[in-house]
Structures are given as structure tokens and as C-alpha cells.
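Okay, thanks everyone for coming. I'll put the sequence and the structure up, and then I'll walk you through some packing and a few backbone oddities.

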Amino acid sequence: MITFFVCLVLLIVGFFIYGKLVEKVFHIDDRQTPAVAHPDGVDYVPMKTWRIFLIQLLNIAGLGPIYGAIAGACWGPAVYLWIVFGTILGGGVHDFLSGMMSERNDGKSISEVVGLYMGKVITFIMRIFSVVLLVMVGVNFAKGPADLLAKLTPEALGSMFWLAVIMIYYLLATFLPIDKIVGKLYPVFGICLIIMALGVGGATIILHGADMPELSAATLAVVHPNGTPKWAMMFVTVACGAVSGFHATQSPMMARCIKSEKEGHVVFYGAMVAEGIIALIWAAAGVTFYTNHGSLVDGMAGLSAAVAAEGQGGVVYDICKTLLGPVGGVLAMIGVIACPITSGDTAFRSARLTIADWFHIDQSDAKKRAMLAVPLLAAGAVIVVALPWTVLWRYFSWSNQTLAMIVLWTGAVFLHKYGYPPVACMMAALPAAFMTAVSITYFFQAPECLHLSTAIAYPVGIAVAVIFFVIFYVQTFVRHKNENVLAARMGR
């Protein structure tokens with residue numbers, strides 16, 4: 001229990017101290033935000049800070065910090081460290097920079113922002129990468145809830161019926177102004193997500209506080225029941241709740257709604273910390289619920305077996321129903337059904353905005369908006385029915401962290417380009433290098449990728465990260481310093 005509370009305090013302190021430091025080095029000012037400069041009533045809509053915060057939280061969270069944290073708990077309490085330090089030093093910086101870089105560039109989608117600072121080739125790659133990733137998220141977050149709703153309703157209302165209902169809702173949420181559906185429903189579901197997490201956290205402490213494993217050399221040495229290595233598998237499994245590239249596709253939507261740059265700390269960094277707290281609670285619940293007076297090793301084996309048999313959704317339901325009774329069962333259903341849907345609809349909306357920015361299509365025009373929204377949802381409907389996305393979904397984990405890596409490197413370049421001090425650039429460059437090592441290592445070792453031994457994957461991942469960091473350092477600080485010295489000698 002002590003470890004859990006220490007980690008919780010670290011996350012809260014990280015928001016107030018490191019989050020403020022990130023805000024300070026970014027040089028927040030009183031310039032007009034895109035929502036104030038040219039509101040269009042569709043995507044550029046000024047909203048209150050608390051509402052934007054809850055929308056951003058649900059945009060980036062959904063089931064990510066629940067499902068990922070439960071899967072990550074199979075490695076034991078070691079997952080706490082990744083959630084805490086990943087959130088403070090990586091995820092918070094990533095989300096803040098992606099949101100504020102977009103805000104500084106008229107609310108552009110993340111693919112366009114990356115292109116501004118990384119070149120035309122990366123722009124094209126990011127456009128394709130982002131749209132495919134977003135459609136993948138939208139498709140998968142339609143199929144799962146549809147299957148679950150089919151189990152909970154009369155046989156006549158099968159999976160295809162609920163899939164059609166969800167896809168129609170996605171079309172409306174993608175097409176209509178952001179304050180009509182997203183702005184009204186998301187705060188409600190955001191509050192439900194927070195209540196569910198607080199209820200599970202409180203019940204875990206009250207009922208099973210003595211069983212909560214503490215961090216120690218022994219617990220850190222616990223291996224995954226299936227023998228899956230911590231590095232880099234755990235760092236990819238737990239994405240939302242630590243570092244997630246998907247967040248960068250969502251932050252620009254809220255960058256188009258904030259009324260002041262001062263809101264960035266709460267909306268972007270703050271929502272990431274809130275998600276980290278939710279992930280910490282669910283990781284602790286996963287570790288503790290299956291240990292229950294037994295050994296940690298046996299508990300992790302039980303958790304792993306439950307995930308394999310029931311999926312994370314089944315584990316969520318079991319934990320909520322056991323700890324919170326009938327009310328917990330209802331909250332679990334809201335979480336397992338509503339939360340993925342609220343990630344899916346904004347995924348399609350973000351895909352629309354990405355394509356609109358790509359081809360410079362005015363989205364204040366309803367016909368032009370429909371011209372993008374309808375084909376996107378039609379393509380999603382075809383994909384979800386025709387293709388085996390249960391296999392393709394595995395690639396989401398890697399592509400998600402690769403996107404985070406690219407965005408963090410972009411943030412480092414952005415900070416350097418605008419004359420921010422070296423320490424500010426390092427706040428983005430160091431987590432970028434870390435995520436480079438994670439992404440490359442995972443690609444070399446994961447079964448769905450190259451599936452090579454750790455003896456090859458580990459050194460390759462670290463070597464590539466070091467090379468990237470050296471290139472960044474030389475191309476920025478060393479080269480910039482030499483140019484200044486040369487200019488001084490020439491009397492400029």
C-alpha cells in the first residue's frame with residue numbers, strides 16, 4: 001500500500017512541479033488562440049476549461065489506461081514505475097507539446113505539425129500513418145462494444161445490428177460540430193471513468209490493502225507468467241497511462257477549443273496525469289485482486305490466465321462486480337462499452353481533420369465536411385466486416401509508440417528552432433531517445449514483427465536510440481554553436 005501511495009503522490013507532485021516547469025520553458029504568452037481568432041462553430045469552438053479537460057481525458061483515455069494497465073500488471077509492481085515516470089517525464093511532455101505546437105500553428109493536425117519541423121518526406125509518411133492508425137482505432141473500438149452489447153441484449157439484436165448503430169453514431173459525432181455531441185456526452189462519461197477508477201481504487205485499499213505488493217528487489221525481479229520480457233514489451237503494452245502516440249492525434253482537437261495558452265498545462269499535461277492515475281489504480285487492482293493473500297507469482301499467473309480466458313473486459317467486470325457489487329457491475333459496463341466508443345468517434349473525427357488539413361478542405365462547409373466523413377465511415381464499416389482486425393490490431397501497439405517517438409523528436413526540434421535553451425530541448429529529446437529504443441527493440445523482438453532474440457533486439461534498439469540522439473545533438477547544439485562562432489569571427 002505504501003508503494004501505491006508514494007506513486008500516487010509522485011504523479012500529483014509531477015503535475016504541479018514538472019508540468020509547471022514544462023509550461024515555463026515553453027514560454028506561454030497571451031497570444032490569441034485559434035478558437036478565439038477565428039471560431040467556425042464546427043471544430044474551432046471556444047469551451048470552458050473544465051469541459052475541455054474532461055473531453056481531452058476521454059479522448060486520450062477510453063479503455064487504454066484500464067486494459068493496458070491490467071495487461072501490464074502481469075509484470076508485477078514494476079509496472080508502477082513505468083506508469084509514474086513515463087507519465088511525468090514522457091507522456092505529459094508529449095501531450096503538452098503536441099497540443100501546444102498545434103495551438104501555435106492554428107490548430108493543425110499532428111501530421112501537419114510534424115511536417116513543418118521535420119520535412120516533406122516525414123509529412124507524407126505521417127499523413128498516411130495517422131489516418132491508417134486512426135481508422136484502425138475507430139474500427140476496433142466499434143467491433144468490441146458491438147459484440148458485448150449483442151451478449152447483453154435479446155438475440156434479435158445481434159452484433160451486426162449494434163455495429164450499425166455504433167457506426168451511425170460515429171458518423172454523427174464525426175460530422176456534427178464538436179460541442180453538439182462530443183462536448184455534451186464526453187464530460188459525463190469522463191466523470192463516470194473517474195468515478196469508476198476512484199471506486200475501484202478505494203475498494204482495493206479498504207478491502208485488500210494488506211495484499212497490495214510493495215516494490216522491492218524481489219518484486220521487481222518477478223517475470224511475466226508467459227516469459228514475456230519487460231523490455232520493451234511492457235513499455236509498449238502500457239501505452240495510454242504512460243506514453244501514447246495516439247494522444248498526439250487527439251490533442252489538436254482541443255488545441256482548437258482552448259481560449260488561452262495558460263489552459264495548456266491543465267488540459268494537456270493535466271489530462272495525461274489524470275490518465276496516469278487511472279492506470280496506476282487499475283494496475284494496482286490487477287496486481288492485488290489476483291494475489292489476495294497468496295504469493296505474487298501465483299497472483300500474476302492467475303491474472304495472466306484470467307486475461308487469456310476472459311480478456312481485459314472480463315477482468316474489468318470481475319473486479320468491479322466483486323469490489324463494488326451491482327453498482328460496480330453497471331460502472332464496468334459503462335466503461336467497457338462507452339469508453340471505447342468515445343475513443344472511436346474522436347478517432348474518426350481526427351482522421352477527417354487530418355485529411356482536411358492535408359488537402360486544405362474547408363470544414364466549416366457542411367457539404368465538404370460530409371464529403372470526408374461519409375467515405376471515412378463507409379470505409380470503416382467495410383473494414384470491420386471484411387478484414388481480420390484481431391491480427392492487424394497487434395501492430396497498433398508498435399505503431400502507437402513509434403508515433404510517440406516521432407512527435408517527441410518533433411517537439412525537441414521545435415524547441416530548438418525557436419531558441420529555447422538546451423535544457424528545454426532535452427525535456428523532449430531524452431524521452432524521444434527512450435521511446436526510440438522502445439519502438440526499435442519491440443519491432444525486432446515482437447512475435448508479430450521480426451521476432452528476433454533479445455540478444456539482437458536489445459543492442460540494436462539501444463544503438464539506434466543513441467545514434468538518433470547524437471544526430472539531434474550534433475545537428476542542433478554543436479552545429480548551431482559552430483555557426484555562431486563562425487559568424488562572430490566574420491564580424492557579423
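**Helix packing, burial and backbone**

So let's start at the N-terminal end, where Val13, Gly14, Phe15 and Phe16 in H1 meet Tyr18, Gly19 and Lys20 in H2. Sorted by class, that contact of H1 with H2 has 4 nonpolar, 2 polar and 1 charged residues. One caveat before I go on: this is a predicted model. As for the geometry, H1 covers residues 2–16 and H2 covers residues 18–26, and their axes come within 3 Å and cross at roughly 20°. With a cut-off of under 35 degrees for roughly parallel, that makes H1 roughly parallel to H2.

Now for another pair, H4 and H10. H4 is residues 49–60, and its axis comes within 8 Å of the H10 axis, crossing at roughly 70°. How are H4 and H10 oriented to each other, roughly parallel or roughly perpendicular? Roughly perpendicular, because the crossing angle falls in the 65 to 115 degree range. H4 passes H10 in a left-handed crossing. On the H4 side the contact is made by Trp50, Arg51, Leu54, Ile55, Leu57, Leu58 and Asn59. On the H10 side you've got Val182, Gly183, Lys184, Tyr186, Pro187, Phe189, Gly190, Ile191, Leu193 and Ile194. By class, this contact of H4 with H10 comes out at 12 nonpolar, 3 polar and 2 charged residues.

Stay on Asn59 for a second, since it's found in H4 and is part of that contact with H10. Buried or exposed? Buried: Asn59 has 1% relative accessibility, and the cut-off is under 20%. Setting aside residues up to four places away in sequence, Asn59 touches Tyr186, Phe246, Gln250, Met253, Met254, Ser343 and Thr346.

Met254 takes us on to the core. The largest nonpolar core has 161 residues, and the members that touch the most others are Ile66, Tyr170, Met254 and Trp282. Which helix gives the largest share of this core? That's H15, residues 296–359, with 23 residues. Let me zoom in on Tyr170. Not counting residues up to four places away in sequence, its contacts are Gly138, Phe141, Ala142, Pro340, Ile341, Gly344, Asp345, Phe348 and Leu377.

Ile66, another of those core residues, brings us to H5. This helix runs over residues 64–72, and 8 of its 9 residues are buried, so H5 is largely enclosed by the rest of the structure. The buried ones are Gly64, Pro65, Ile66, Gly68, Ala69, Ile70, Ala71 and Gly72. And what do they pack against? H6, H10, H12, H14 and H15.

Next, H6, and one residue in particular: Leu97 lies in that helix and counts as buried at 3% relative accessibility. Leaving aside neighbours within four places in sequence, Leu97 is in contact with Phe26, Ser102, Gly411, Leu415 and Ala428. Leu97 and Ser251 are 154 residues apart in sequence, but C-alpha to C-alpha they're 9.2 Å apart in space.

If you follow H6 out, you reach the loop between H6 (78–104) and H7 (110–118), and that's where Ser109 lies. Ser109 is buried, at a relative accessible area of 4%. Apart from neighbours within four places in sequence, Ser109 is in contact with Pro252, Arg256, Leu353, Thr354 and Asp357. For a long-distance pair, take Ser109 and Gly311: they're 202 residues apart along the chain, and their C-alpha atoms are separated by 33 Å.

Asp106 is found in that loop between H6 and H7 too, and it gets us to the backbone. Most residues other than glycine have a negative phi, and most peptide bonds are trans. Asp106, though, has a positive phi, near 65°, and it's partly exposed, with a relative accessible area of 36%. His451 also has a positive phi, about 55°, although it is not a glycine. You'll find His451 in the loop between H19 (422–445) and H20 (454–489), and it's exposed, with a relative accessible area of 52%.

Last stop, the peptide bonds. Where's a cis one? Between Trp231 and Ala232, with omega about 0°. Ala232 lies in H12, which is one of the helices that the buried residues of H5 pack against.

That's it from me, over to you.

Definitions and conventions:
Residues numbered from 1 in each chain as written. Predicted model: local features only at pLDDT ≥ 70, side-chain atom pairs only at ≥ 80, totals over all residues. Heavy atoms only, no water. Core = buried A, V, L, I, M, F, W, Y, C linked by side-chain atoms within 4.5 Å. Buried < 20%, exposed > 50% of the residue type's maximum accessible area, 1.4 Å probe, protein only. Helix = DSSP H or I, 4+ residues; strand = E, 2+ residues; numbered from the N terminus. Contact = heavy atoms within 4.5 Å. Axes fitted to C-alpha atoms, helices over the stretch in contact; angles between N-to-C directions. Parallel < 35°, antiparallel > 145°, perpendicular 65-115°, else oblique. Left-handed = near helix turned anticlockwise from the far one by under 90°. Nonpolar A, V, L, I, M, F, W, Y, C, P; charged D, E, K, R; others polar.
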